[in-house]
Amino acid sequence: MFAQQEPVSTPPPDPYLNDPALYGAPSPLWSFMESVIGFVVMVFWIWMLIDCLRKDPDRFLWFWVILFFPPFGALIYFFLRWLPSNQFQLPEFARPFFRQRRLNELETAAMQIGNPYQFVRWGDALKDAGVNQKSLEAYQQALAKEPDNLQALWGAAQIEMKFKDFETAQQRCKQILEADPEYKFGDVSLMYCKTVCELDSAEQARQELARHAKRWRQPEALYLLASLEAEAGDHQAARKTLQGMLLDINASPRGIARKFVRWKSKARRLLKRLPRS
């Protein structure tokens, strides 16, 4: 009798043995992208290293930072040293990240040096950042030292208009125009007209805007004048003002005309509302 042989049990197959996702080579596209990224990082690292050696006064410190901490050392150098020392305009979305440092520098200069020029620079930067109350205080400190400083008067007038302090803004505009009627190429005169619109009668505002428009044919001023003419029932004068404004915009260079698209659209809407007769 032969001994009965037990069947040999075979182990289950390994499901990962032939998995191409684990053992396959990377795709050619991914290999190419890795090569491109590596090349760009290397070029950027070399660029920052050379720029540091050529231009930076603290080159010996930053050279070792860039050399021993790639690529983060190069990135740190780029943001902390290269950008502030070069006249480079950051995109609008990135400016708030670097704005506070600039404001701190200008505030320090204003407090340490203390002349009107430094306070005006600080006030301008604060105004651009939307810090209106502190900006007005900086302009007021400049005016306390130099009451006829035109830049400080203009900056303060702009903030006071935002705060609806029309009387003070009007006084400042009048002071600027008495010193230099062409200051800011009609912007001061236009703001003065706006304060007249808020504080005085419609007829006085219309006269002031008509006087302004003879010298400065700004679309905003012409539109305000046409609106007052329409409110006074002088539809023919309003139509003439608006048509002249549209002709001015259409005759201007394309880059300038783009800036006035809003006023062009408003003028057309007002023209449609005016009676034909």
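Which residues is lysine 145 in contact with, leaving aside its neighbours within four places in sequence? Keep that question in mind while you get your bearings; the model on your screen is a predicted one.

**The whole chain**

Start with a cartoon view of everything. You should find 15 helices and 0 strands. The chain has 277 residues, and buried residues make up 35% of them. Among the contacts with a separation of 6 or more, 45% join residues 24 or more positions apart.

**Stop 1: lysine 145**

Now select lysine 145, which is found in helix H7. Show the atoms around it and you have the answer to the opening question: beyond its close sequence neighbours, lysine 145 touches Gly114, Asn115, Pro116 and Phe119. Pick out glycine 114 from that group. Its C-alpha is 9.0 Å from that of lysine 145, although 31 residues separate the two in sequence. Lysine 145 counts as partly exposed because its relative accessibility is 49%.

**Stop 2: helix H7 against helix H8**

Next, select residues 132–145 for H7 and 150–162 for H8. Two packed helices are described by the angle between their axes and the distance between the axes. Here the angle is about 150° and the axes are 9 Å apart. The crossing of H7 past H8 is left-handed.

To see who meets whom, show side chains on both helices. From H7 come Asn132, Ser135, Leu136, Tyr139, Ala142 and Leu143. Facing them in H8 are Gln151, Ala152, Leu153, Gly155, Ala156, Ile159, Glu160 and Lys162. By class, this contact has 8 nonpolar, 4 polar and 2 charged residues.

While you are here, click on glutamine 133, also placed in H7. Its C-alpha lies 7.9 Å from that of isoleucine 159, a residue 26 positions away along the chain. With a relative accessibility of 44%, glutamine 133 counts as partly exposed.

**Stop 3: arginine 172**

Move on to helix H9 and select arginine 172. Is this arginine buried or exposed? It counts as buried, because its relative accessibility of 17% is under the 20% cut-off. Leaving aside neighbours within four places in sequence, arginine 172 is in contact with Leu143, Leu153, Ala156, Ala157 and Glu160. You have already met Leu143 on the H7 side of the previous stop, and Leu153, Ala156 and Glu160 on the H8 side.

**Stop 4: two loop residues**

Most residues other than glycine have a negative phi, and most peptide bonds are trans. Two loop residues are worth selecting with that in mind. Lysine 164, in the loop between H8 and H9, has a positive phi near 60°. Its relative accessibility is 62%, so lysine 164 counts as exposed. Then go to phenylalanine 185, in the loop between H9 and H10. Phi of phenylalanine 185 is also positive, near 55°, and this residue is exposed, with a relative accessible area of 67%.

**Stop 5: the second largest pocket**

For the last stop, select Lys174, Leu177, Pro181, Ser189, Tyr192, Glu208, Arg211, His212, Arg215 and Trp216, and show them as sticks. Together they line the second largest pocket, which has a volume of about 170 Å³. Helices H9 (166–179), H10 (187–199) and H11 (202–215) each give two or more residues to this lining. Which of these helices gives the largest share? That is H11, with 4 residues. Colour the sticks by class and you will find 4 nonpolar, 2 polar and 4 charged residues in the lining.

Terms used
Residues numbered from 1 in each chain as written. Predicted model: local features only at pLDDT ≥ 70, side-chain atom pairs only at ≥ 80, totals over all residues. Heavy atoms only, no water. 1 Å grid on protein atoms, 1.4 Å probe; cavity = no way out; pocket = protein on both sides within 12 Å on 5 of 7 lines; lining within 4 Å. Points joined across faces, edges and corners; volume = space filled by probe spheres on them. Nonpolar A, V, L, I, M, F, W, Y, C, P; charged D, E, K, R; others polar. Axes fitted to C-alpha atoms, helices over the stretch in contact; angles between N-to-C directions. Left-handed = near helix turned anticlockwise from the far one by under 90°. Contact = heavy atoms within 4.5 Å. Buried < 20%, exposed > 50% of the residue type's maximum accessible area, 1.4 Å probe, protein only.
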